[in-house]
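Let's take a walk through this structure together, one strand at a time. Have the 3D view open and follow along.

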Amino acid sequence: MQKKTAYSFPDEILEHVFSFIQSDKDRNAASVVCKSWYEIERWCRRKVFVGNCYAVSPTMVIRRFPDIRSIELKGKPHFADFNLVPDGWGGYVLPWISKMAGAYPWLEEIRLKRMVVTDESLELVAKSFTNLQVLVLFSCEGFSTDGLAAIAAGCKNLRELDLRDSEVDDLSGHWLNHFPDTYTSLVSLNISCLGSDDVSFSALERLVGRCPNLRRLLLNREVPLDKIANLLSRAPQLIEFGTGTYAAELRSDVYSNLVEAFCNCKELKSLSGFWDAVPAYLPVIYSVCSRLTSLNLSYAPIQNPDLTKLVSQCPSLQRMLVLDYIEDSGLEVLASSCKDLQELRVFPSDPFGEEPNVSLTEKGLVAVSSGCPKLQSVLYFCRQMSNAALVTIAQNCPNFTRFRLCLLDPKIADYRTLQPLDVGFGAIVEHCKDLRRLSLSGLLTDCVFEYIGMHAKKLEMLSVAFAGESDLALHHVLSGCESLRKLEIMNCPFGDKALLANAAKLETMRSLWMSSCSVSLGACKMLGQKMPRLNIEVMDEKGPPDSRAESDPVDKLYIYRSVAGPRFDMPPFVWTMDEDFASELS
Amino acid sequence: MENDLNLKATELRLGLPGSDEPERQMTPRPNKRTLSDIVSEGSRSTTEEDHQDNAPPAKVQIVGWPPVRSYRKNCLQGKKDEVEGGTGMYVKVSVDGAPYLRKIDLKVYRSYPQLLLALENMFKLTIGAYSEREGYNGSNYAPTYEDRDGDWMLVGDVPWEMFISSCKRLRIMKGSEARGLGCV
């Protein structure tokens, strides 16, 4: 007689229960309870997130999860955003698309970040996934408007097309015409990255006019200001809107049309774009300001008093992106007007200038930290900082989840005491117990890393540049930060010791990037031999590593855990330190 | 950067365009290293370069610093320096025979000699000197660029400011194709 345990449910019930479990972490936990749960769970998982496209192969994903509807893939390391990863490094999506084409005909959502996406890939997507609803290409490259035309023509159920920050080769603006006249389901369109010949405006107008569910529309810079009013009048239901260029000669008809158009967008909550903005046209959005929860002026060269005046009219702001033209005075106004502010990003208007061009200092950030109790996420570029200010900020905002401070001059000290900024950043990690992401800058010794290792227990991502004095610093981080997933380091005097001593830690992380540090080739080879589940990739554009001594430092090092083994699509300047490599050369 | 080349552009003279003020070819600070120096040497702190590293920070531009995305840099600087369309910032550089491309930020350089030196260092080759009549005659390499009209031009023919506002990508030609350019 078959034994029945008291705790076995029919599969259908378990599947139903699992359908309420959406987070990957929880799903993963459920899948290791027992073999039958593993089986049931894998058949009903619908969403997969692959944080590093080389950590697993498409075949493995398909084998385990046979019925996926939504996939998210990330390719290049984060420092690729700052030109530290040479072209040709990798991150190709085609192998994934090819395998998924056969396995997931019902795929609905594809989200890619920092991947190389060719027109061929896009054509394959359009052909293979007739039910595709969402395509997000975030910081991708390698495709042209031809690929977009294929998507427009082939994906009849597309709701969301988002090309944010991608690099698109412009060939023709007529790709928009490839959306058939019968296509009306667009909900979200972000083409803000496209260049001058990439968008046919009349096609865009027609598209916007026939999609009644369009809620999010982010235009590219080339759309002139005098065309916006007409466009908005066809889509008064928009919630999020990004203008094109916001500069034009002041004309009363254009002005009043814009005022009316914005006024009629009763649900508009988020604005962006504003390239080349001139103050004359700012007041046309005043009717919307009181409702705005998100405002991105980070491409707008407007200065005070116009900038501050605008900000003071937006009391509901939760998210604010702006250039340092806002200055300390403008941030003080922000602090007193926007009590719901959760996220602030201040970008440099002149990042390479040798002298400050604006009066933006630590005082602005202190003011916002003091006036905005809900502040959680900060990205702040400035030219001076003090430990005292950082301590104050930390005490004001114990709820920080993301804190990224970039002092433009590397290794700059506390301007008041000329001390390193260890104590200041130490206060941040000590007070902000929920801190998940931290970027350091300024003059920093090993001490700050000791504080980080001691306090930053929830820290998942750490970015370091020009900091520390010895391997001890790296050791503090690797041994102390229990939740660390991503560590990226440039131009620090970190070498072999900390890395080798904490080799096992690297398997608990997604990836480690180190460039212009002092890790030797020998250490990389040793790691490659010791740790078969890590891919140790050495990047060196001067030539193959075997032409150099074991003690020579490597130029760039990228280490990531993988169950797929070393990759085979590496360009000539990347070498994997695996067991084969090490034994070949010894 | 003042643009005083409008009159001088039509003057007949020997020498590289953009080099009418020879002292401007030199970097402003004696211990300033070019971008390519920084990239190739890394920041090892135990070499003879130490005494330079310990000096008050020379304002060199280091790859990856500050961490601002190229897209953002292009957008702002394009407007600020009144360069139309901002096409003269980060451009791809290919070298015939090399397996992969590089990218350089044209805004980092102030003149043709600086740019050519950087290219020579980056790719470990010799391009040599430009002359109006003979191009880069005598060199195995000729630097060319694609302008906004899609035409391939020899680097050095037009005034510097015009070059950086119209250059979309660079290609360093090699061999007989390159040598032939000098005699066109």
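Please keep in mind that this is a predicted model. A good place to begin is strand β12 of chain A, residues 294–296, which pairs with β13(A) in the parallel sense over three bridges. To find the register, look for A:N296: its bridge partner in β13(A) is A:L321. Between β12(A) and β13(A) the chain passes through helix α12 of chain A, residues 306–312, and this β-α-β crossover is right-handed.

Now stay with β13(A), which spans residues 319–323. Is this strand mostly covered or uncovered? It is mostly covered, with four of its five residues buried. β13(A) also runs parallel to strand β14 of chain A, residues 343–347, and five bridges join these two. Here A:L321 turns up again, standing opposite A:R345 in β14(A). The residue thus gives you a handy landmark, with A:N296 as its bridge partner and A:R345 opposite it in β14(A).

The step from β13(A) to β14(A) brings in helix α13 of chain A, residues 327–337, and together the three make a right-handed β-α-β unit. Which residues of α13(A) are buried? They are A:D328, A:G330, A:L331, A:L334, A:A335 and A:S337. Their cover includes α12, β13 and β14 of chain A, along with α14 (362–371) and β15 (377–382) of the same chain.

Let's turn to the nonpolar cores. The largest has 200 residues, and A:F403 and A:I452 have the most contacts inside it. Leaving aside residues up to four places away in sequence, A:I452 touches A:V429, A:L438, A:L440, A:L459, A:L462, A:V477 and A:C481. Another core, of 29 residues, lies apart from it; among its members are B:I104, B:A118, B:A142 and B:I172.

That takes us to chain B, where five strands form an open sheet with mixed pairing, in the order β2-β1-β5-β3-β4. At the edges are β2 (102–105) and β4 (152–154) of chain B, each pairing on one side only. Neighbouring strands of the sheet are turned against each other by 30 degrees on average, direction ignored. Within the sheet, β1(B), residues 90–95, runs parallel to β5(B), residues 169–174, and four bridges join them. One pair to look for is B:V95, which stands opposite B:I172 in β5(B). Finally, helix α6 of chain B, residues 112–123, packs on this sheet, where it touches β1, β2, β3 (141–146) and β5 of chain B. The direction of α6(B) makes about 155 degrees with that of β2(B).

Note on methods:
Residues numbered from 1 in each chain as written. Chains lettered and ligands numbered in written order. Predicted model: local features only at pLDDT ≥ 70, side-chain atom pairs only at ≥ 80, totals over all residues. Heavy atoms only, no water. Buried < 20%, exposed > 50% of the residue type's maximum accessible area, 1.4 Å probe, protein only. Pairing = 2+ DSSP bridges. Right-handed = clockwise from strand over helix to strand, strands pointing away. Contact = heavy atoms within 4.5 Å. Core = buried A, V, L, I, M, F, W, Y, C linked by side-chain atoms within 4.5 Å. Axes fitted to C-alpha atoms, helices over the stretch in contact; angles between N-to-C directions.
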